[in-house]
Amino acid sequence: MELEGKISTFHRSARAELSGVGRVHFGEEILLASYAVLEKQRGTNDLNTVRTRRWLADLYAAWNKPALANRYR
């Protein structure tokens, strides 16, 4: 499996697992770390970078943190 597929699979699994056990703050840490690596290595327009950025925006929007959500939109 290509790196992109592995990243996508990991993110889907991690989000489902962490939200299911109420550990979304840990999920936030994973997404932030992943985003930093993806942005640096792949650039801001890479599909996985865009997806991770969108997931962060959605997470912050769900937490009613619009300033943080807008940072990743």
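1. A good place to start is tyrosine 35, which is buried, with a relative accessible area of 11%. Because buried means under 20% relative accessible area, a side chain with some remaining accessibility can still carry this label, and tyrosine 72, at 12%, is buried as well. Please keep in mind while reading that this is a predicted model, and that the values below are computed from it.

2. The overall plan should be stated before the details. The protein has 4 helices and 0 strands, and read along the sequence it follows the pattern α-α-α-α. Of the 73 residues in the protein, 33% are buried. Among the contacts with a separation of 6 or more, 41% are accounted for by residues 24 or more positions apart. The accessible surface of the protein comes to about 4800 Å², and 53% of that surface belongs to carbon and sulfur atoms.

3. The aromatic residues deserve a paragraph of their own. A pair of aromatic rings is described by the distance of the centres and the angle of the planes. A search of the whole structure finds 3 aromatic pairs. One of them joins tyrosine 35 and tyrosine 72, and it is edge-to-face, with 5.6 Å centre to centre and 85° between the planes. This pair links distant parts of the chain, since tyrosine 35 is in helix H2 while tyrosine 72 is in the segment after helix H4 (66-71), 37 residues apart.

4. Tyrosine 72, which is buried at 12% relative accessible area, also has a second partner. The ring centres of tyrosine 60 and tyrosine 72 are 6.0 Å apart and their planes are at 25°, so this pair is stacked. Tyrosine 60 lies in helix H3 and tyrosine 72 in the segment after H4, so the pair ties together parts that are 12 residues apart in sequence. Both tyrosine 60 and tyrosine 72 are buried. Taken together, Tyr35, Tyr60, Trp63 and Tyr72 form one aromatic cluster.

5. Which residues make up the largest nonpolar core? There are 8 residues in all, namely Leu31, Tyr35, Trp55, Leu56, Ala57, Tyr60, Ala69 and Tyr72. The elements that give two or more residues to this core are helix H2 (24-42) and H3, and the largest share, 4 residues, comes from H3. As a general background for the student, nonpolar side chains tend to be buried together in soluble globular proteins.

6. Helix H3 can then be examined by itself. It covers residues 47-62, has 16 residues, and reaches 22 Å from its first C-alpha to its last, close to the 22 Å expected at 1.5 Å a residue. The buried residues of H3 are Asn48, Thr49, Thr52, Arg53, Trp55, Leu56, Ala57, Leu59 and Tyr60. When looking at that list, it helps to remember that an α-helix has 3.6 residues a turn, so residues three or four places apart point the same way.

7. What caps the N-terminal end of H3? Aspartate 46 does, with a side-chain oxygen that lies 3.0 Å from the backbone nitrogen of asparagine 48. Asparagine 48 appears again in a contact with threonine 52, whose side chain reaches the backbone oxygen of asparagine 48 at 2.8 Å. Threonine 52 has its place in helix H3 and is buried, with a relative accessible area of 0%.

8. Beyond the other end of the helix, H3 is followed by asparagine 64, which is found in the loop between H3 and H4. Its phi is near 60°, a positive value in a residue other than glycine. Is asparagine 64 buried or exposed? At 65% relative accessibility, asparagine 64 counts as exposed, because the label exposed requires over 50%.

9. The last point concerns alanine 69 in helix H4, which counts as buried at 2% relative accessibility. Leaving aside its neighbours within four places in sequence, alanine 69 is in contact with Ala57, Tyr60 and Ala61. With neighbours within four places again set aside, alanine 57 is in contact with Ala69, Tyr72 and Arg73. A further spacing can be given for alanine 69 and arginine 54, which are 15 residues apart in sequence and 8.8 Å apart in space, C-alpha to C-alpha.

Technical notes
Residues numbered from 1 in each chain as written. Predicted model: local features only at pLDDT ≥ 70, side-chain atom pairs only at ≥ 80, totals over all residues. Heavy atoms only, no water. Expected span 1.5 Å × (residues − 1). Buried < 20%, exposed > 50% of the residue type's maximum accessible area, 1.4 Å probe, protein only. Polar contact = N/O pair within 3.5 Å; in protein donor to acceptor, adjacent residues only side chain to side chain. Core = buried A, V, L, I, M, F, W, Y, C linked by side-chain atoms within 4.5 Å. Contact = heavy atoms within 4.5 Å. Areas by Shrake-Rupley, 256 points an atom, 1.4 Å probe, with all protein chains shown as cover. Phe/Tyr/Trp six-rings, centres within 6.5 Å; stacked < 30°, edge-to-face > 60°.
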